Amino acid sequence: FQLLIAFILQFFIIKFFGISESLDIYIASNTINLIIVGIATGSLNYAITPIFIKYYKNKQFKTFRNLANSLLNIIFIIFFILAIVQYLFSSQITSTIFPVYINEENILLSELFSIQAFISILTILTGVLNAINYALNNLYRTIVIPIITSVFQLVFIYFSYEDLGIFSLVY
């Protein structure tokens with residue numbers, strides 16, 4: 001069901017912005033963050049979910065809580081530092097990775113890339129929270145939260161794309 005919502009969201013993004021240079025730049029700026037978030041979230045969930053389940057089943061709730069708190073704090077600090085580096089050096093990073101974009105295109109690419117650095121933090125933390133919810137047997141939350149997020153993003157884009165342009169996809 002989540003894939004269907006994601007497909008509908010992508011469909012509306014194309015409907016609002018059309019096949020355009022600015023949408024192409026957005027997709028390019030988003031690619032690196034999607035790879036980083038996908039690898040980080042997938043590997044973290046694969047590694048920590050069984051540990052959370054073990055602590056929960058063994059009724060080691062204090063250990064469970066301490067691990068969850070420590071993990072969320074460490075991940076936040078690491079990815080916040082990475083986001084600051086990405087923000088400060090976004091122009092250099094984007095011009096190195098995407099040399100095709102020059103002048104105004106590179107400026108737009110750099111601005112989108114720097115904003116997405118901080119969005120990635122929330123996405124990764126949400127992935128860890130999903131692992132915690134899965135371990136606590138709150139499966140409905142792991143399904144409902146991404147759907148609500150996608151619907152909210154779609155509504156925001158619908159009402160703001162004329163004023164914010166391509167930036168409505170990252171705010």
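The following exchange examines the helices, two buried residues and the largest pocket of a predicted model.

Visitor: Which elements does the protein contain, and in what order do they run from the N terminus on?

Guide: The protein has 6 helices and 0 strands. Its C-alpha atoms fill a box of roughly 55 × 35 × 20 Å along the principal axes. From the N terminus on, the order of the elements is α-α-α-α-α-α.

Visitor: What share of the contacts between residues at least 6 apart in sequence join residues at least 24 apart?

Guide: The protein has 171 residues, of which buried residues make up 37%. Among contacts between residues at least 6 apart in sequence, the share that joins residues at least 24 apart is 75%.

Visitor: Is H2 roughly parallel or roughly antiparallel to H3?

Guide: Helix H2 spans residues 21–57 and helix H3 spans residues 61–88; their axes lie 10 Å apart, at an angle of about 170°. Angles over 145 degrees count as roughly antiparallel. H2 is therefore, with respect to H3, roughly antiparallel.

Visitor: How many nonpolar, polar and charged residues does the contact of H2 with H3 have?

Guide: From H2 the contact draws on residues including Ile36, Leu44, Ile48 and Phe52, and from H3 on residues including Phe64, Leu67, Leu71 and Phe79. Asn33 of H2 and Gln86 of H3 are also among the contributors. By class, the contact of H2 with H3 comprises 15 nonpolar, 3 polar and no charged residues.

Visitor: How is H3 oriented with respect to H4?

Guide: H3 and helix H4, residues 90–97, pack with their axes 4 Å apart and at an angle of about 75°. Because angles of 65 to 115 degrees count as roughly perpendicular, the orientation of H3 to H4 is roughly perpendicular.

Visitor: Which residues of H4 meet H3, and how do the residues of the contact divide by class?

Guide: On the H3 side the participants are Gln86, Tyr87 and Leu88, and on the H4 side they are Ser90, Gln92 and Ile93. By class, the residues of the contact of H3 with H4 divide into 3 nonpolar, 3 polar and no charged.

Visitor: Is glutamine 86 buried or exposed?

Guide: Glutamine 86 is located in helix H3. Not counting residues up to four places away in sequence, glutamine 86 touches Asn33, Ile93, Phe113 and Ala117. Its relative accessibility is 10%, and since the cut-off for a buried residue is under 20%, glutamine 86 counts as buried.

Visitor: With which residues is threonine 49 in contact, leaving aside its neighbours within four places in sequence?

Guide: Threonine 49 has its place in helix H2. A relative accessibility of 11% means that threonine 49 counts as buried. Leaving aside neighbours within four places in sequence, the contacts of threonine 49 are Leu44, Ala131 and Tyr134.

Visitor: Which helix supplies the largest share of the lining of the largest pocket?

Guide: The largest pocket holds about 1,500 Å³ of space. At least two lining residues come from each of helix H1 (2–17), H2, helix H5 (104–135) and helix H6 (139–164). The largest share, 11 residues, comes from H2.

Visitor: Which lining residues are the closest to the centre of the largest pocket?

Guide: By class, the lining of the largest pocket has 22 nonpolar, 19 polar and 1 charged residues. Of the 42 residues that line the pocket, the closest to its centre are Leu34, Thr123, Thr149, Ser150 and Gln153.

Definitions and conventions
Residues are numbered from 1 along each chain as its sequence is written. This is a predicted model: local features need pLDDT of at least 70, side-chain atom pairs count only at pLDDT 80 or more; totals for chains, interfaces and linings use all residues. Side-chain values use heavy atoms; hydrogens and water are left out. Axes are lines fitted to C-alpha atoms, for helices over the stretch in contact, and angles run from 0 to 180 degrees between N-to-C directions. Angles under 35 degrees count as roughly parallel, over 145 as roughly antiparallel, 65 to 115 as roughly perpendicular and the rest as oblique. Contact means heavy atoms within 4.5 Å. Ala, Val, Leu, Ile, Met, Phe, Trp, Tyr, Cys and Pro count as nonpolar, Asp, Glu, Lys and Arg as charged, and the others, Gly among them, as polar. Buried means under 20% relative accessible area, exposed over 50%, partly exposed in between (1.4 Å probe, protein chains only). On a 1 Å grid over the protein atoms alone, a cavity is a set of points where a 1.4 Å probe fits but cannot get out, and a pocket is an open set with protein on both sides within 12 Å along at least five of seven lines; lining residues have an atom within 4 Å of a point. Grid points are joined across faces, edges and corners, and a volume is the space filled by probe spheres set on the points.
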